[in-house]
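Me: I would like a close look at one buried position and the packing around it, and then at how the rest of the chain is put together. Please take the surroundings step by step.

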Amino acid sequence: MTNKRSITRIEVVPRLVALGIVAKEAAEEALGKVRDWADAPLEDGELAEVLVEFGVALAVYADAVDDLEESYRSTLEEAAACSGGLVVVGDVRLIRGAGGRDRLEFVRGGERVVRPAEHGAGRSLSRPAVFACLGRLAPGGADERTFHRVLPGEGAAADGEVYVLVTPGQAAALRAEFGLALDDRGA
């Protein structure tokens, strides 16, 4: 079993590629951007960051934002991009309702998707709404990948959550080989 504390980005790449989690080209491109520190040992929480760097995961932060609709749009587009182009979203809208009971709407594959998004007086993304949307942004069909939340403690963003798009087998491998704590059910 690999100990994630003693491996580097460079060392983890071949295994992620072999598992089919990361495409070799995407891994090489991402490594090129961090070449100066790619051989430093991964510390707690950094494997999830590496998966975000490689484009197979996204981080959703709890920070207040200036424009909720724009933040949802960029978050949903980033989630769709994790599929490698198999999923495309568009026409993202946040419909404001009374008492903070809002609706998040977007188009996926020509179909309009609507999810509740409660904000109250807050200016941060509704994590339950994002998680519900992720269930609609997995490729589907013969592609078994779904979004799995990185559980708090192991790799979770300090002020948010990380979701990785993997198959059940890939999720099991990330747990067993790298100690990444993932929700055992996908979005």
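In which helix does Y72 lie?

Reply: Y72 lies in helix 4, which covers residues 68-81. Since this is a predicted model, local features are considered only at pLDDT of at least 70 and side-chain atom pairs only at pLDDT 80 or more, while totals for chains, interfaces and linings use all residues. Residues are numbered from 1 along each chain as its sequence is written, and side-chain values use heavy atoms, without hydrogens or water.

Y72 has a relative accessible area of 0% and is therefore buried (under 20%; exposed is over 50% and partly exposed in between, with a 1.4 Å probe and protein chains only). Residues up to four places away in sequence aside, Y72 touches V92, L94, L104, A117, H119, L125, S126, A129 and V130, where contact means heavy atoms within 4.5 Å. One of these partners, V92, stands 20 residues from Y72 along the chain, and the C-alpha atoms of the two are separated by 7.4 Å.

Two further partners of Y72, A129 and V130, lead to the packing of helix 4 against helix 5. These two helices meet at an angle of about 35 degrees, and their axes are 10 Å apart (axes are lines fitted to C-alpha atoms over the stretch in contact, with angles from 0 to 180 degrees between N-to-C directions). On the helix 4 side the contact involves Y72, T75, L76 and A79, and on the helix 5 side A129, V130, C133, L134 and L137. By class, eight of the residues in this contact are nonpolar, one is polar and none is charged (Ala, Val, Leu, Ile, Met, Phe, Trp, Tyr, Cys and Pro are nonpolar, Asp, Glu, Lys and Arg charged, the others, Gly among them, polar).

Helix 5, residues 127-137, also takes part in an aromatic pair, because F131 lies in this helix and Y163 in strand 6, so the pair ties together parts that are 32 residues apart in sequence. The structure holds one such pair, with F131 and Y163 tilted at 35 degrees between the planes and 5.9 Å centre to centre (ring centres within 6.5 Å; under 30 degrees is stacked, over 60 edge-to-face, the rest tilted). Y163 counts as buried, with a relative accessibility of 1%.

For the wider setting, the protein chain has six helices and six strands (DSSP runs of H or I of at least four residues, and of E of at least two), whose order from the N terminus is α-α-α-β-α-β-β-β-α-β-β-α. Of its 187 residues, 44% are buried, and 61% of the contacts between residues at least 6 apart in sequence join residues at least 24 apart.

The largest nonpolar core has 29 residues, and L16, I21, L51, F54 and L174 are the members that touch the most others (a core is a set of buried Ala, Val, Leu, Ile, Met, Phe, Trp, Tyr and Cys residues joined through side-chain atoms within 4.5 Å). Helix 1, helix 2, helix 3, strand 1, strand 6 and helix 6 each supply at least two residues of this core. Apart from it lies another core, of 27 residues, which includes L58, L76, V87 and L104. L76 is thus a member of this second core and also part of the contact of helix 4 with helix 5, while L104 belongs to the second core and touches Y72.

At the other helix pair, helix 1 (residues 9-18) packs on helix 6 (residues 168-178) at an angle of about 150 degrees, with the axes 11 Å apart. V12, R15 and L16 of helix 1 make this contact with L174, E177 and F178 of helix 6, and the residues comprise four nonpolar, no polar and two charged ones. Not counting residues up to four places away in sequence, L174 touches L16, I21, L51, V166, G179, L180 and L182.

In the segment after helix 6 comes D183, which is buried at 8% relative accessibility and touches H148, R149, L151 and R175, again without residues up to four places away in sequence.

Two partly exposed positions complete the picture. V52, in helix 3, has a relative accessibility of 26%; its C-alpha atom and that of V164, 112 residues apart along the chain, are separated by 7.8 Å. In strand 2 (residues 89-95), D91 has 39% relative accessibility and a positive phi of about 50 degrees, although D91 is not a glycine.

Notes:
Phe/Tyr/Trp six-rings, centres within 6.5 Å; stacked < 30°, edge-to-face > 60°.
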